[in-house]
Amino acid sequence: MATTIVIIAAALVAAALVLGVVLSRRPRSATPPNEELVRAVDEMRSKMDELAGGLSEALERAGQESRRNRLFGELGTSIDLEELMDRVLDVAMEIEGIDAAMMVVERQDGAPAVVTRGMTDQESARPPTSGVSGALPGTITVSYRYGRDRDGLDADLIRGGAFVPLMGRELRPVGTLSLFWRTEAEPGTQQIEEAETLAASCIGAIENARRYGEARKLAETDALTGLYNQRFFQETLRREVTRAHRYQRKLTLIVFDLDDFKSINDQVGHLAGDRVLAQAADRLREAVRSTDVASRIGGDEFAVIMPESAAEDGEQLFHRVHNSMRGTALGPDEQRLRLSGGIAELLHGDTPASLFERADAALYRAKELGKDRADIARAGEQHPDPGSRDVDR
């Protein structure tokens, strides 16, 4: 590509020199110029315009190819799955004729990862499909037709799509790369082949990112309850406190503690006590919102970070968890599981440690008031025994 540009540029320069020589040799007289000379000059100018246009197109193609090569080279540099998928779609959107794209990658557990580009909220919520259930047998190209009324009103409707399967080791499907266009002109064979090359090129990076995600989840998850562990809780609390202060957002922390858990262990045994903890974690997981971060931070102690939330939201969460615990029976006498909670809303000047200390102090007060209840933290208070909690201060 670089050699072609040099050749075109040299030809353009040569043509300019020839035209300059021709013009310089024209007689400086009032007599009309020779028609043949005028025709030759016009042809020369036309060729120069063609050469200039060719050079411009070559430069544009070279720029696109350089950008695409750079994006291809960046595919293997990320081990975060969503970031990698974003980079794949960056390359996909460089393919001629492609107006929108979507990438779906299956996770080992949980919902698949989905990233879109150039799609409306409605299209992302209900994306066009290939019409084939299960794994795709190969690349499928689909054209979409709409009713006349809608077709006339929506000029930017998706007119077609190419669905390229992402095949991992042993030809196991790991996801799909979907490319869409909004014009009647369907991308040609070359564009489809570029999409297939892109899909094949990113498979290794996808599998590495999936393995990294699995290992990271194991490192961040409490093995008994499946909730996040204390280390992840501390990191997230630090990040969310910084974010809330920077953007003046609300943030609430609630700390839960199972009441009389030592007597529960004594009554039903440690293995049964572990099952109780797992049941409590399930109830907590069912009650929190998708934006909340629920963690196990101690033996029988849990915490939930609630972004964009006030203390009243923390109270509502406690009541949801408290009510759900009523269905958890303990021991032969079928006593219900009870818990206490401390709620603290982020205040100006709070650090992650001070926010936790205020929630912890509210929990301690709830215990003193008779347990099986929650209390809201006050400004400036601390736990009566600051050394009794193993937290990041």
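1. Buried here means under 20% relative accessible area, exposed over 50%, and partly exposed in between (1.4 Å probe, protein chains only). The model is predicted: local features need pLDDT of at least 70, side-chain atom pairs count only at pLDDT 80 or more, and totals for chains, interfaces and linings use all residues. Residues are numbered from 1 along each chain as its sequence is written, and side-chain values use heavy atoms, with hydrogens and water left out.

2. Strand β8 (residues 301-307; strands are DSSP E runs of at least two residues, helices H or I runs of at least four, numbered from the N terminus) has seven of its seven residues buried, so it is largely enclosed by the rest of the structure. Cover is present on both faces: E301, A303, I305 and P307 are buried on one side, and F302, V304 and M306 on the other.

3. β8 pairs antiparallel with β6 (residues 251-258) over seven bridges, where pairing requires at least two DSSP bridges between two strands. P307 is the bridge partner of L251. β7 (residues 293-296) also pairs antiparallel with β8, over four bridges, with A294 opposite V304; a hairpin of four residues joins β7 to β8.

4. A separate point concerns the open, antiparallel sheet of five strands, ordered β2-β1-β5-β4-β3. β2 (113-117) and β3 (140-143) are at its edges with a single partner strand each, so one side of each lacks a neighbour in the sheet.

5. Within this sheet, β1 (residues 100-105) and β5 (residues 173-181) run antiparallel and are joined by six bridges; M103 stands opposite L177 in β5.
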